[in-house]
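Got your viewer ready? Load the model and follow along, one selection at a time.

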Amino acid sequence: MARIAGVNIPTNKRVHIALTYIHGIGNSKAREITTKLGIAESARVQDLTDQEVLQIREAIDAGYTVEGDLRRTVSQNIKRLMDLACYRGLRHRKGLPVRGQRTHTNARTRKGKAKPIAGKKK
């Protein structure tokens with residue numbers, strides 16, 4: 001099992017799919033990395049040599065913000081917005097949708113499970 005950026009990569013999957021298990025690397029970035037390093041589309045992680053795994057690890061370390069650093073950056077950005085008390089920060093603080101979505105109906109993912117209100121019948 002290859003370990004890249006602190007994540008155990010599944011061995012029986014194709015390389016570009018397995019790289020998406022790293023937080024901060026999606027499908028397009030994974031394909032970009034594999035084409036840049038000249039790894040075949042059909043290559044699986046178990047077929048990679050130690051040298052190729054090392055090349056992937058170095059490419060990710062050099063060019064991308066992933067895992068802990070990315071999570072820390074995102075949480076610092078959200079904390080900064082909350083400290084500024086701007087509109088987006090207030091929405092984060094209240095646990096409501098930040099990007100203008102409607103909240104009268106829907107928004108259950110951000111608001112949590114519906115709470116019944118006593119005496120509200122219609």
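Here is a short walk through one helix and one loop.

Before you click, note that this is a predicted model: local features need pLDDT of at least 70, side-chain atom pairs count only at pLDDT 80 or more, and totals for chains, interfaces and linings use all residues. Residues are numbered from 1 along each chain as its sequence is written, and side-chain values use heavy atoms, with hydrogens and water left out.

**Stop one: helix 3**

Select residues 50-63, which make up helix 3. Helices here are DSSP runs of H or I with at least four residues, strands are runs of E with at least two, and both are numbered from the N terminus. At 1.5 Å a residue (times one less than the number of residues), its 14 residues should span 20 Å, and the end C-alpha atoms are indeed 20 Å apart.

Now pick Val53, Ile56, Ala59 and Ile60: these are buried in helix 3, where buried means under 20% relative accessible area, exposed over 50%, and partly exposed in between (1.4 Å probe, protein chains only). Look down the axis of helix 3: the buried residues fall within an arc of 125° (taken from the directions from the helix axis to the C-beta atoms), so they line one face.

On the face turned away from that side, select the exposed Asp50, Gln51, Asp61 and Ala62.

**Stop two: a loop**

Jump to the loop between helix 5 (87-94) and helix 6 (108-111), and select Asn106. Phi of Asn106 is near 65°, a positive value in a non-glycine residue. Asn106 is exposed, at 55% relative accessible area. Ala107, in the loop between helix 5 and helix 6, has a positive phi too, near 60°, but Ala107 is buried, at 16%.
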